[in-house]
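Me: I'd like to learn how to read a protein model bit by bit. Could you walk me through some features?

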Amino acid sequence: MIRKILIANRGEIALRIVRACRELGIQTMAVYSEADEQSLHVQLADEAICIGPASGAESYLRADRILSAAEIGDVDAIHPGYGFLSENSEFAEQCESCNIIFIGPRSETIMKMGDKAKARETVAKAGVPIIPGSDGPLENEHAATKVAQKIGFPVIIKAVAGGGGRGMRIAHNAVTFAKEFQSARLEAVKAFGNGELYVEKYLESPRHIEFQVLADMHGNMVHLGERDCSVQRRHQKVIEESPSPFLDKNLRNRMGKAALKATQAADYVNAGTIEFLVDAKGNFYFIEMNTRIQVEHAVTEEATGIDLIKEQIQIASGNRLGFTQKDISLTKHAIECRICAENPSKGFIPSPGEIELYSAPGGHGVRVDSHAYGGYTVSPYYDSMISKVITFGRTRKIALDRMYRALSEYLIRGIDTNVDFLKAVLMDPAFRQGEATTSYIEEFLARMPKDFLDKQSKD
Ligand code: MV4
């Protein structure tokens, strides 16, 4: 039914989608900015069309240009990947009204779950645990202070239009709260054009554990277990794995059921992610739903054996899921490291430039999703992730040892990367014992010797 797909993205995810389409016998049309003319997704797609200058705002974020390209290419569907227009309900709606299938949930669903206060309310009504907090957005700092005092400090102030950690503030008492509230509002207006805020009780050092879900148009839905994404730095995930070393069978079952309740409450179709925070006692709370395919989807693919991009396309075609919950299990342990062009010894600043020499790891149990190659120039215009290394095996130890081996094989010359930093984390006993919470990287850096990071980048 879907004969041709326009891929409204770049980098490794564009390539990932080209590959899934090839195997399904679907034609592909790439779009690219002037900075990406030499990109692999452009070279490997059946067709490619330039949509503007390097800046994302003038190319990959331009719905009008992408829809023009879709018309020129006579495509049936658009896959938005992650970032850019993937969670833009207006773009999804424009696709719908142009009779182009948006490979993702309905625009209404994107809008509903994009409002993080509304998402909280929606899933809470269905019986999914949420963190004690405000009922909807708060008018002003006076009303907000009252709510914060009722919940008890510390509290976290979040933007209704936020998500992913942008524009969040933590307040430890009523005195600092008003100031934090006002600065969060200014930041939210600036970042999202929407200053609405809500508050939640602040959980200290939780684990970030998310459930992958798939739902078809016929009311069938499954969860594909969890990903533990606790290892993050400044709201950027660094390492993800599935299964989580923290969950047992019982907790996984209960969280999986809650994830399906949330999916049902959202009236969701396609691939989605239900994010939870989990405290040290194993209490779990919904925080938000991501209505897109995520960077870390590959760990779920390797743990379950299910190709999520193909499933997204099958679902968007109107097909029924080919399996039920009892057919799904986390039969392997999979782990992902995000390789970034950055310099850890200089505060992880981006390190764009030409990759002079490139050789990726391989061998048994290693998957590399990357658009990089020798001679490729990493552009300063986009995020610094140049590769995802995913290793997998029967046990967590096998996957971790395999990751260290794989990272040791990586040859990247000409730019700085975080490869050696990742290797140091992989060797860290706390990480190896599965003790990482969302505070892990900060704590890890604090307890390392002062000159540790100086050794973490070399050309
Ligand atoms: C929280 C939290 C603690 N308590 N909510 C960060 C990403 C976004 N998806 C939600 N996030 C958090 N929400 C409550 N009620 C902790 C985080 C969080 C975090 C917060 C501040 C600084 C770094 C963080 C890293 C991971 C998670």
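Me: Let's start with two tyrosines. Are Tyr60 and Tyr382 buried or exposed?

Reply: This is a predicted model, so keep in mind that everything here is computed from it. Tyr60 is buried, and Tyr382 is buried too.

Me: And how do the rings of Tyr60 and Tyr382 sit relative to one another?

Reply: Look at two things, the spacing of the centres and the angle of the planes. For Tyr60 and Tyr382 the centres are 5.8 Å apart and the planes are at 75 degrees, so we call the pair edge-to-face. The cut-off behind that name is an angle over 60 degrees.

Me: Which parts of the chain does that pair tie together?

Reply: Tyr60 is in the loop between β3 (47-52) and α3 (63-73), while Tyr382 is in the loop between β20 (377-378) and β21 (385-393), so the pair ties together parts 322 residues apart in sequence.

Me: What about Phe276 and Phe284, how are their rings arranged?

Reply: Their centres are 5.5 Å apart and their planes are at 90 degrees, so this pair is edge-to-face. Phe276 and Phe284 are both buried.

Me: How many aromatic pairs does the structure hold?

Reply: It holds 15. Rings can also gather in a group: Phe348, Phe421, Phe431, Tyr440, Phe444 and Phe452 form one aromatic cluster.

Me: Which charged end sits over the ring of Phe431?

Reply: That of Arg396, which is 5.2 Å from the ring's centre.

Me: Now for empty space. How do I find it, and how many cavities of 30 Å³ or more are there?

Reply: Here's the general idea: you roll a probe the size of a water molecule over the atoms, and it shows where empty space is left. In this structure, three cavities of 30 Å³ or more turn up.

Me: What is the volume of the largest cavity, and which residues lie nearest its centre?

Reply: Its volume is about 80 Å³. The lining of the largest cavity has 13 residues, and those nearest the centre are Asp228, Val231, Glu241, Phe431 and Ala436. You've met Phe431 already, as a member of the aromatic cluster. Two elements, β10 (221-233) and β11 (236-242), each give two or more residues to the lining of the largest cavity. By class, that lining has five nonpolar, two polar and six charged residues.

Me: And what lines the second largest cavity?

Reply: The lining is made of Arg10, His371, Tyr376, Val378, Ser379, Tyr382, Asp383, Met385 and Ile386. So our buried Tyr382 shows up again. The second largest cavity has about 50 Å³ of space, and its lining divides into five nonpolar, two polar and two charged residues.

Me: On to cysteines. How many disulfides are there?

Reply: A disulfide is a covalent bond between the sulfur atoms of two cysteines. The count here is zero. Take Cys98: the nearest cysteine sulfur belongs to Cys95 and is 6.9 Å away, whereas the cut-off for a disulfide is within 2.5 Å. For Cys337, the nearest cysteine sulfur is that of Cys340, 10 Å away.

Me: Where do Cys98 and Cys337 stand on being buried or exposed?

Reply: Cys98 is partly exposed, with a relative accessible area of 44%. Cys337 is buried, at 0%.

Me: Last topic, the backbone. What should I look for?

Reply: The general rule is that most peptide bonds are trans, and most residues other than glycine have a negative phi. You can then hunt for the exceptions.

Me: Which bond leading into Pro154 is cis?

Reply: The peptide bond from Phe153 to Pro154, with omega near 0 degrees. Pro154 is in the loop between α7 (141-151) and β6 (155-159). The bond from Ser242 to Pro243 is cis as well, with omega near -5 degrees, and Pro243 is in the loop between β11 and α9 (249-265).

Me: And what is the phi of Asp267 and of Asn270?

Reply: Asp267 has a positive phi of about 55 degrees, although it isn't a glycine. Asp267 is in the loop between α9 and β12 (270-278) and is partly exposed, at 49% relative accessibility. Asn270 has a positive phi too, near 95 degrees. Asn270 is in strand β12 and is buried, with a relative accessible area of 0%.

Technical notes
Residues are numbered from 1 along each chain as its sequence is written. This is a predicted model: local features need pLDDT of at least 70, side-chain atom pairs count only at pLDDT 80 or more; totals for chains, interfaces and linings use all residues. Side-chain values use heavy atoms; hydrogens and water are left out. Rings of Phe, Tyr and Trp (its six-membered ring) pair if their centres lie within 6.5 Å; planes under 30 degrees apart count as stacked, over 60 as edge-to-face and the rest as tilted. Helices (H or I, at least four residues) and strands (E, at least two) are DSSP runs, numbered from the N terminus. Buried means under 20% relative accessible area, exposed over 50%, partly exposed in between (1.4 Å probe, protein chains only). A charge sits over a ring if NZ of Lys or CZ of Arg is within 6 Å of the ring centre and within 35 degrees of the ring normal. On a 1 Å grid over the protein atoms alone, a cavity is a set of points where a 1.4 Å probe fits but cannot get out, and a pocket is an open set with protein on both sides within 12 Å along at least five of seven lines; lining residues have an atom within 4 Å of a point. Grid points are joined across faces, edges and corners, and a volume is the space filled by probe spheres set on the points. Ala, Val, Leu, Ile, Met, Phe, Trp, Tyr, Cys and Pro count as nonpolar, Asp, Glu, Lys and Arg as charged, and the others, Gly among them, as polar.
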